[in-house]
Amino acid sequence: MPPIRKLSVTILLTAAVSVLAACSKHSTCVDEKSMQEYTNAFVNDMIAAAGRVSPADMRALQSELDGISKGDPQDFAGFCTRLDGLRKKYGI
């Protein structure tokens, strides 16, 4: 994996795990543990998509991820909903 993608994945995981997100509704994310599992699945899917997501899109994804990770630390469901939006937008 190219260094930029490794860096992106590392930053993604760090930002996502640092978020302790439980207010809005999400079918999967109901507590910290389920949010972390959902985030890990997102990271795994992001790694799998690395060959088809352009470096420019990876940088844009990282920038947007940084923004969503700064939300309410108790909004687990909201964080996962925002991850879903990134997944859809970038085809992850």
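Which backbone nitrogen lies 2.8 Å from a polar atom of the side chain of aspartate 75? The legends below take up this question and others for a predicted model.

**View 1. The side chain of aspartate 75 and the backbone of glycine 78.** The backbone nitrogen in question belongs to glycine 78, and a polar atom of the aspartate 75 side chain is found 2.8 Å from it. Aspartate 75 itself sits in the loop that runs between α3 (55–68) and α4 (76–90). With a relative accessible area of 11%, aspartate 75 falls under the 20% limit and therefore counts as buried.

**View 2. The disulfide of cysteine 29 and cysteine 80.** The sulfur atoms of cysteine 29 and cysteine 80 are placed 1.9 Å apart in the predicted model, and the two residues form a disulfide; the count for the structure comes to 1 disulfide. The angle about the S-S bond is -80°, and the link is left-handed. Because cysteine 29 lies in the loop between α1 (3–18) and α2 (32–48), whereas cysteine 80 belongs to helix α4, the pair ties together parts that are 51 residues apart in sequence.

**View 3. The surroundings of the two cysteines, cysteine 29 and cysteine 80.** Cysteine 29 is buried, its relative accessible area being 2%, and cysteine 80, at 0% relative accessibility, is counted as buried as well.

**View 4. The protein chain as a setting for the close-ups, with 4 helices and 0 strands.** Read along the sequence, the helices follow the pattern α-α-α-α. Of the 92 residues in the chain, 40% count as buried, while the chain exposes about 4,900 Å², of which carbon and sulfur atoms supply 58%.

Notes
Residues are numbered from 1 along each chain as its sequence is written. This is a predicted model: local features need pLDDT of at least 70, side-chain atom pairs count only at pLDDT 80 or more; totals for chains, interfaces and linings use all residues. Side-chain values use heavy atoms; hydrogens and water are left out. Helices (H or I, at least four residues) and strands (E, at least two) are DSSP runs, numbered from the N terminus. Buried means under 20% relative accessible area, exposed over 50%, partly exposed in between (1.4 Å probe, protein chains only). Accessible areas come from the Shrake-Rupley method with a 1.4 Å probe; for residues, only the protein chains shown count as cover. A polar contact is a pair of N or O atoms within 3.5 Å; within protein, one must be able to donate a hydrogen and the other to accept it, and residues adjacent in sequence count only if both atoms are side-chain atoms. A disulfide is a pair of cysteine sulfur atoms within 2.5 Å.
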